[in-house]
Amino acid sequence: VRSSLADVGKAVQGLVVMDHNLDEVATGILRNTRPSYWMKVSYPSLKPLSSYVADLVARINFFSSWNEDGHPPTYWISGFYFTQSFLTGQLQNFARKFNL
């Protein structure tokens, strides 16, 4: 996401050639739609581009604070891409801790 946005800026300045993916990103910015180029490497979302970016930033901030400050007191379950694996891991840790 970050590199494609930087490349769109360079393409607008004429420093790089605008290919199909960059054109799709630029069009998505203008129309508030998510580029399929991004959706191939991202979590599934039906939100428009502005809401998708706000959600992506919130997810990045959540995981960054978790990494820097340790386990949070509560978890943002919907912020995970595959919540079932996280919950299964939590159940396994609980079972190991209490020998269940």
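This is a short guided tour of a predicted model, moving from the whole chain to two residues worth selecting.

**Stop 1: the whole chain**

Start with everything shown as a cartoon and colour by secondary structure. You should find 5 helices and 0 strands, and reading along the sequence gives the pattern α-α-α-α-α. The radius of gyration is 18 Å, well over the 13 Å that the globule rule gives for 100 residues, so the chain is more spread out than a compact globule. If you align the view to the principal axes, the C-alpha atoms fill a box of roughly 60 × 25 × 20 Å.

Now switch on the surface. The protein chain exposes about 7400 Å², and carbon and sulfur atoms supply 59% of that area. How much of the chain is buried? Buried residues make up 23% of the 100 residues. For a contact map, count the contacts with a separation of 6 or more: residues 24 or more positions apart account for 11% of them.

**Stop 2: L5 and its surroundings**

Next, select L5, which lies in helix α1, covering residues 2–13. Is L5 buried, partly exposed or exposed? Its relative accessible area is 38%, and because partly exposed covers the range between under 20% and over 50%, L5 counts as partly exposed.

Keep L5 selected and show its contacts, leaving aside the neighbours within four places in sequence. Which residues remain? They are V25, I29 and W38. Draw a distance from L5 to I29 using their C-alpha atoms: the two residues are 24 apart along the chain, and the separation is 9.6 Å.

Add V1 to the selection and return to the surface view. V1, L5 and I29 make a nonpolar surface patch of about 230 Å². L5 therefore appears twice on this stop: as a partly exposed residue, with I29 among its contacts, and as a member of the patch.

**Stop 3: S42 in its loop**

Finally, move to S42. Look for it in the loop between α3 (36–39) and α4 (49–69). Is S42 buried or exposed? With a relative accessible area of 19%, S42 is buried, because the cut-off for that class is under 20%.

Show side chains here and select Y52 as well. What does the side chain of S42 do? It makes a polar contact with the side chain of Y52, at 2.4 Å. With both residues displayed as sticks, you can end the tour on this pair: buried S42 and its polar partner Y52.

Conventions: Residues numbered from 1 in each chain as written. Predicted model: local features only at pLDDT ≥ 70, side-chain atom pairs only at ≥ 80, totals over all residues. Heavy atoms only, no water. Helix = DSSP H or I, 4+ residues; strand = E, 2+ residues; numbered from the N terminus. Buried < 20%, exposed > 50% of the residue type's maximum accessible area, 1.4 Å probe, protein only. Contact = heavy atoms within 4.5 Å. Polar contact = N/O pair within 3.5 Å; in protein donor to acceptor, adjacent residues only side chain to side chain. Patch = residues over 30% accessible without salt bridge, like charges linked within 9 Å, V, L, I, M, F, W, Y side chains within 5 Å. Areas by Shrake-Rupley, 256 points an atom, 1.4 Å probe, with all protein chains shown as cover. Salt bridge = Lys/Arg side-chain N within 4 Å of Asp/Glu carboxyl O. Rg over C-alpha atoms; globule rule 2.2 N^0.38 Å.
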